[in-house]
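The questions below ask how the terms used for this model are justified. Each answer sets a value against its cut-off.

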Amino acid sequence: MIPQAMLAGLVHSAAGAVHAIVAMLCIGVGLIQFLRPKRGAGHRARGYFYVYAMLVADGTAMLVYRFTGTFNLFHVGAIVNFACIVAAIVPLLRCPRPVTWRLQHYTFISWSYVSLMSAAATEIAARVLPLTTRGQVGLVALVLSIATMTLAYVLIGKYRPPAETPPLAAELAEQSGVPS
């Protein structure tokens with residue numbers, strides 16, 4: 001069991017506790033999603049869990065102000081992550097789905113996970129390293145974010161799903177000027 005004094009040093013509010021727990025769950029589920037095949041009911045179920053949990057994590061991030069006492073760059077990160085989640089889900093909900101829905105979904109959900117990992121790396125570094133000023137934390141956050149995004153850019157490109165081609169009938173109809 002974790003001693004109460006140690007727990008109090010790590011979590012400073014109920015919102016912070018919920019945020020930390022849900023974010024850790026998202027890290028695990030996101031990793032499983034990355035490693036497993038991208039089809040079927042299991043992928044869909046884990047995906048919905050990830051999306052709903054990230055919405056909670058982003059929402060609770062907006063309630064945590066311990067670092068500066070006001071709205072800051074970390075809150076902007078939560079908003080960007082929220083935008084990535086929405087942009088990843090919208091193509092799935094459209095009817096009919098756009099031809100590029102898989103690529104759009106993959107790209108935005110991947111960058112959402114990158115944002116989560118960047119935030120986690122920053123949080124760990126801020127707690128482990130002897131950082132004493134906001135400037136030091138900001139610099140560490142910048143360096144870790146650049147490193148995370150560089151690695152992610154390579155991995156996202158490497159595992160990108162193949163581009164889908166529209167059905168031949170749709171292509172022929174488009175060429176003849178007939179609305180599909």
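Q: Why is the pair Arg-127 and Glu-123 called a salt bridge?
A: The closest N and O atoms of Arg-127 and Glu-123 are 2.4 Å apart. A salt bridge is a side-chain nitrogen of Lys or Arg within 4 Å of a carboxyl oxygen of Asp or Glu, so the pair qualifies. By this rule the count comes to 1 salt bridge. Side chains of opposite charge can pair when their charged atoms come close.

Q: Where do Arg-127 and Glu-123 lie?
A: Both are in helix α5, 4 residues apart, which is about one turn of the helix. Helices (H or I, at least four residues) and strands (E, at least two) are DSSP runs, numbered from the N terminus.

Q: What makes Arg-127 and Glu-123 partly exposed?
A: Buried means under 20% relative accessible area, exposed over 50%, and partly exposed in between (1.4 Å probe, protein chains only). Arg-127 has a relative accessible area of 39%, so Arg-127 counts as partly exposed. Glu-123 is at 40% and therefore also counts as partly exposed.

Q: On what kind of model, and on which atoms, do these values rest?
A: This is a predicted model, in which local features need pLDDT of at least 70 and side-chain atom pairs count only at pLDDT 80 or more, while totals for chains, interfaces and linings use all residues. Residues are numbered from 1 along each chain as its sequence is written, and side-chain values use heavy atoms, with hydrogens and water left out.

Q: How many helices and strands does the protein chain have?
A: The protein chain has 7 helices and 0 strands. Buried residues make up 28% of its 180 residues.

Q: What makes a set of residues the largest nonpolar core, and which of them have the most contacts inside it?
A: A nonpolar core is a set of buried Ala, Val, Leu, Ile, Met, Phe, Trp, Tyr and Cys residues joined through side-chain atoms within 4.5 Å. The largest such core has 15 residues, and those with the most contacts inside it are Cys-26, Tyr-50, Met-54, Ile-85, Ile-109 and Leu-116. Two or more residues each come from α2 (14-35), α3 (40-61), α4 (73-93) and α5 (101-128). With 5 residues, α3 gives the most to this core. In soluble globular proteins, nonpolar side chains tend to be buried together.

Q: Why is Met-54 called buried or exposed, and which residues does Met-54 touch?
A: Met-54 is at 2% relative accessibility, so Met-54 counts as buried. Met-54 is located in helix α3. Contact means heavy atoms within 4.5 Å. Not counting residues up to four places away in sequence, Met-54 touches Cys-26, Asn-81, Ile-85, Ser-112 and Leu-116. Met-54 and Val-22 are 32 residues apart in sequence, yet 7.4 Å apart in space, C-alpha to C-alpha.

Q: Which residues does Tyr-50 touch?
A: With residues up to four places away in sequence not counted, the contacts of Tyr-50 include Cys-26, Val-29, Gly-30, Ile-85 and Ile-109.

Q: Why is Cys-26 set apart from Cys-95 in burial?
A: Cys-26 is at 0% relative accessibility and therefore counts as buried. Cys-95 is at 79%, so Cys-95 counts as exposed.

Q: How many disulfides are there?
A: A disulfide is a pair of cysteine sulfur atoms within 2.5 Å. By this rule the count comes to 0 disulfides.

Q: What makes the peptide bond from Cys-95 to Pro-96 cis?
A: The omega of this bond is near 0°. Pro-96 is in the loop between α4 and α5. Most peptide bonds are trans.

Q: Where is Phe-71, and why is Phe-71 called partly exposed?
A: Phe-71 lies in the loop between α3 and α4. At 43% relative accessibility, Phe-71 therefore counts as partly exposed. Leaving out residues up to four places away in sequence, Phe-71 touches Met-62, Tyr-65, Val-76 and Ile-79.

Q: Why is Ala-125 called buried or exposed, and what is in contact with Ala-125?
A: Ala-125 is at 10% relative accessibility, so Ala-125 counts as buried. This residue of helix α5 is in contact with Leu-131, Val-140 and Leu-144, leaving aside neighbours within four places in sequence.
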